[in-house]
Amino acid sequence: MKNIIIYLIITICLISGIWLGINNHKEEKKGKRSTEELKLKKLKNVNKEIDYFRDEHLDRYIAYQEKNPSLKTEDIIKRVNIGLDKSYYEETKKTPYHNKDYILVNKYISMEDNYIPNHLEDLDLSYSRSGMKLVHTAKTALEKMVTAAKEEGYMIRVMSSYRSYNYQVNLYNKYVQNDGKEAADTYSARPGYSEHQTGLCIDIDDGIVNYTDFEQSKSFKWMQENAHKYGFILRYPKDKSEITGYTYESWHYRYVGKKIASYIKKHNITFDEYYVMFIENKY
Ligand SMILES: [Zn+2]
């Protein structure tokens, strides 16, 4: 009899212990869920509408929103996904997209030191400085664009295009020596972070003004209206420095293909934004 009572007591203790344990766990889970729900509410529950919303960035979204209360929620998501809540070069990753028109390179995403794009071809001297190369697809598009511009009386001349990693090492070091690292970082890319290493971009002039004054030329106006039709975008626009991380470059154009270029032009966004909206984690 005594044994039975002891046995019963032990069983009751065990069962209630388990029950309490389960309940505690449930409460904990509920607590966690409601904090998350509160955070999402602060972000107007955009996670339901925006498919590039990333759960793992939730706290960063909230922090960025607190610092930038005037920004639209959608822009907060985009900017944090780009990495803009962190300093340039603070937390970087290597691009997973080699030899694609939609490869993105900026102050958060770099290429391998030894990355050399496939199908690099020499540019013709009729529209380029000597020794210039581009990836085949970009070169073909460029030639169509140059021809179209010429037919309408505008000159487009390539002053710089593909640059190797080592070339960028020398260029960047020279800038650092002249102006210091902080200043150099505002206008020059660090080696591995230069879009020129992709073989998909060009610096151009009109054969008359210096390329840094390209904005003053008639060819610039023509490019503004027509570049997207050939798959090119103005990569570092005037009013987008805080997104691209680069000061305005009226002469620097990037080949992304017609579809992407047209979307970017129509919606007045940067390629960095397009990338986090439509490319990242989707290909
Ligand atoms: Zn450039």
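In this predicted model, the buried residues of helix α10 pack against a mixed set of neighbours: the helices α3 (73-82), α8 (241-244) and α9, along with the strands β2 (109-110), β7 and β8 (252-255). Helix α10 itself spans residues 271-279 and is mostly covered, with eight of its nine residues buried. Those are F271, D272, E273, Y274, Y275, V276, M277 and I279, so acidic side chains such as D272 and E273 count as charged and still sit among the buried ones. Just past the end of the helix, N281 takes a positive phi of about 65°.

Strand β8, one of the partners of α10, also brings us to the metal. H252 lies in β8, while H196 sits in the loop between α6 (181-187) and β6 (201-205), and the two are 56 residues apart, so this pair links distant parts of the chain. Both H196 and H252 are buried.

What coordinates the zinc ion? The donors are NE2 of H196, ND1 of H252 and two OD contacts from D203, at 2.1 to 2.8 Å. Along the chain, they follow the spacing H-x6-D-x48-H. The geometry isn't neat: angles among the four donor atoms run from 51 to 150°, and the site is irregular. Tetrahedral would need all angles between 85 and 135 degrees, which is why this one doesn't qualify.

D203 turns up again in the largest pocket, where it is one of the residues nearest the centre, together with R163, L171, Y175 and Y187. Helix α5 (165-179) and strand β5 (157-160) each supply at least two lining residues there, and α5 gives the most, with four.

Here are the two pockets side by side.

| Pocket | Space | Lining residues | Classes in the lining |
|---|---|---|---|
| Largest pocket | About 450 Å³ | 24 residues | twelve nonpolar, seven polar, five charged |
| Second largest pocket | About 330 Å³ | 19 residues | eleven nonpolar, four polar, four charged |

And which residues lie closest to the centre of the second largest pocket? They are Q224, L234, P237, K265 and N268. Its lining draws at least two residues each from α7 (218-226), β7 (232-234) and α9 (258-267). Two of those elements, β7 and α9, are also on the list of packing partners for the buried residues of α10, which ties this pocket's walls back to the helix we started with.

Technical notes: Residues are numbered from 1 along each chain as its sequence is written. This is a predicted model: local features need pLDDT of at least 70, side-chain atom pairs count only at pLDDT 80 or more; totals for chains, interfaces and linings use all residues. Side-chain values use heavy atoms; hydrogens and water are left out. On a 1 Å grid over the protein atoms alone, a cavity is a set of points where a 1.4 Å probe fits but cannot get out, and a pocket is an open set with protein on both sides within 12 Å along at least five of seven lines; lining residues have an atom within 4 Å of a point. Grid points are joined across faces, edges and corners, and a volume is the space filled by probe spheres set on the points. Buried means under 20% relative accessible area, exposed over 50%, partly exposed in between (1.4 Å probe, protein chains only). Contact means heavy atoms within 4.5 Å. Donors are N, O and S atoms within 2.8 Å of the metal (3.2 Å for Na, K and Ca); water is not among the atoms, so sites may look incomplete. Four donors count as tetrahedral if all angles lie between 85 and 135 degrees; four count as square planar and six as octahedral if opposite donors are over 155 degrees apart and all others between 65 and 115; anything else is irregular.
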